[in-house]
Amino acid sequence: MATQVLSSMIRINRQRRLALRRSLTPYRYVGCMHLIVLYTNRHPGASQEEIASFYALDKGSVARDARRLEDMCHIRRETVPNNRRQYQLFLTEEGERMLPVLDQAFEEFQARLSASLSPEDWQLLTDLLERLEQGSFPHTAS
């Protein structure tokens, strides 16, 4: 039974990634760029390491995508004074303009995903997944 649940979660996540890729390609967003923007919006001054740790991403991928976002003027990276190898990330006005685009992409996917579920089913599923996450990854819960 757990295998079937995990398999379904993997397929849903692949569909989510494909939908996001289609929605964000016109904006030249690839990889984890959208996650960096979302996290930086919620946590101004966050480090690349924080983002990598929170989303369980490769540090190199986060650094590479942060650099791309900086080149696109969507974020600003500032060196931490006491650790010149670490950066703090901040959204720029250009990056803030992407937030509604990201919200829309997520909402469209969520609408497709939840079309066949009642609000009660959706709440039950949310509660169950939160319990699984808390039990499996208590250090990443927020």
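**Packing around helix H2**

The buried residues of helix H2 are Met 33, His 34, Leu 35, Ile 36, Val 37, Leu 38, Tyr 39 and Thr 40. These make up 8 of the 10 residues of H2, so that the helix is largely enclosed by the rest of the structure. The elements that cover the buried residues of H2 include helix H1 (2-24), strand S1 (46-47), helix H3, helix H4 (59-71), strand S3 (83-91) and helix H5 (93-114). The description given here rests on a predicted model.

The chain as a whole comprises 6 helices and 3 strands, which succeed one another along the sequence in the pattern α-α-β-α-α-β-β-α-α. Taken along the principal axes, the box filled by the C-alpha atoms of the chain comes to roughly 50 × 35 × 20 Å. Of the 142 residues of the chain, 27% count as buried. Among the contacts between residues at least 6 apart in sequence, 53% join residues that are at least 24 apart.

Two helix pairs that involve H5 were examined in turn. H2 and H5 pack with their axes 10 Å apart and at an angle of about 115°, and the two helices are therefore roughly perpendicular to each other. The crossing by which H2 passes H5 is left-handed. On the side of H2 the contact is made by His 34, Val 37, Leu 38 and Asn 41, and on the side of H5 by Gly 95, Leu 99, Leu 102 and Phe 106. Of the H2 residues in this contact, His 34, Val 37 and Leu 38 are listed among the buried residues of that helix. As a general point, residues three or four places apart in an α-helix point the same way, because the helix has 3.6 residues a turn.

For H1 and H5 the axes are likewise 10 Å apart, and the packing angle is about 140°, which makes H1 oblique to H5. The crossing of H1 and H5 is right-handed. The residues of H1 that take part are Ile 12, Gln 15, Arg 16, Ala 19, Leu 20, Ser 23 and Leu 24, and they meet Met 98, Val 101, Leu 102, Ala 105, Phe 106, Glu 108, Phe 109, Arg 112 and Leu 113 of H5. Leu 102 and Phe 106 of H5 thus appear in the contact with H1 and also in the contact with H2.

His 34, which lies in helix H2, is buried, with a relative accessible area of 9%. When its neighbours within four places in sequence are left aside, His 34 is in contact with Arg 16, Leu 20, Leu 24, Tyr 29, Leu 102 and Phe 106. Of these partners, Arg 16, Leu 20 and Leu 24 belong to the part of H1 that meets H5, whereas Leu 102 and Phe 106 belong to H5 itself.

A search of the whole structure for paired aromatic rings finds 3 aromatic pairs. In one of them, the rings of Tyr 39 and Phe 54 have their centres 5.2 Å apart and their planes at 50°, so the pair counts as tilted. This pair links distant parts of the chain, with Tyr 39 in helix H2 (residues 33-42) and Phe 54 in helix H3 (residues 48-55), 15 residues apart. Tyr 39 also pairs with Tyr 55 in an edge-to-face arrangement, at 6.1 Å centre to centre and with 70° between the planes. Here too distant parts of the chain are linked, since Tyr 39 lies in H2 and Tyr 55 in H3, 16 residues apart. Tyr 39, Phe 54 and Tyr 55 together form one aromatic cluster. Within this cluster Tyr 39 is buried, with a relative accessible area of 8%, whereas Phe 54 counts as partly exposed at 33% relative accessibility and Tyr 55 as partly exposed at 24%.

An arrangement of another kind involves Arg 77 and Tyr 87, in which the charged end of the arginine sits over the tyrosine ring, 4.2 Å from the ring centre. A further arginine, Arg 11, has its place in helix H1 and is partly exposed, with a relative accessible area of 46%. Arg 11 and Gly 135 are separated by 124 residues in sequence and by 22 Å in space, C-alpha to C-alpha.

Notes: Residues are numbered from 1 along each chain as its sequence is written. This is a predicted model: local features need pLDDT of at least 70, side-chain atom pairs count only at pLDDT 80 or more; totals for chains, interfaces and linings use all residues. Side-chain values use heavy atoms; hydrogens and water are left out. Rings of Phe, Tyr and Trp (its six-membered ring) pair if their centres lie within 6.5 Å; planes under 30 degrees apart count as stacked, over 60 as edge-to-face and the rest as tilted. Helices (H or I, at least four residues) and strands (E, at least two) are DSSP runs, numbered from the N terminus. Buried means under 20% relative accessible area, exposed over 50%, partly exposed in between (1.4 Å probe, protein chains only). A charge sits over a ring if NZ of Lys or CZ of Arg is within 6 Å of the ring centre and within 35 degrees of the ring normal. Contact means heavy atoms within 4.5 Å. Axes are lines fitted to C-alpha atoms, for helices over the stretch in contact, and angles run from 0 to 180 degrees between N-to-C directions. Angles under 35 degrees count as roughly parallel, over 145 as roughly antiparallel, 65 to 115 as roughly perpendicular and the rest as oblique. A crossing is left-handed if the near helix is turned anticlockwise from the far one by less than a right angle, and right-handed if clockwise.
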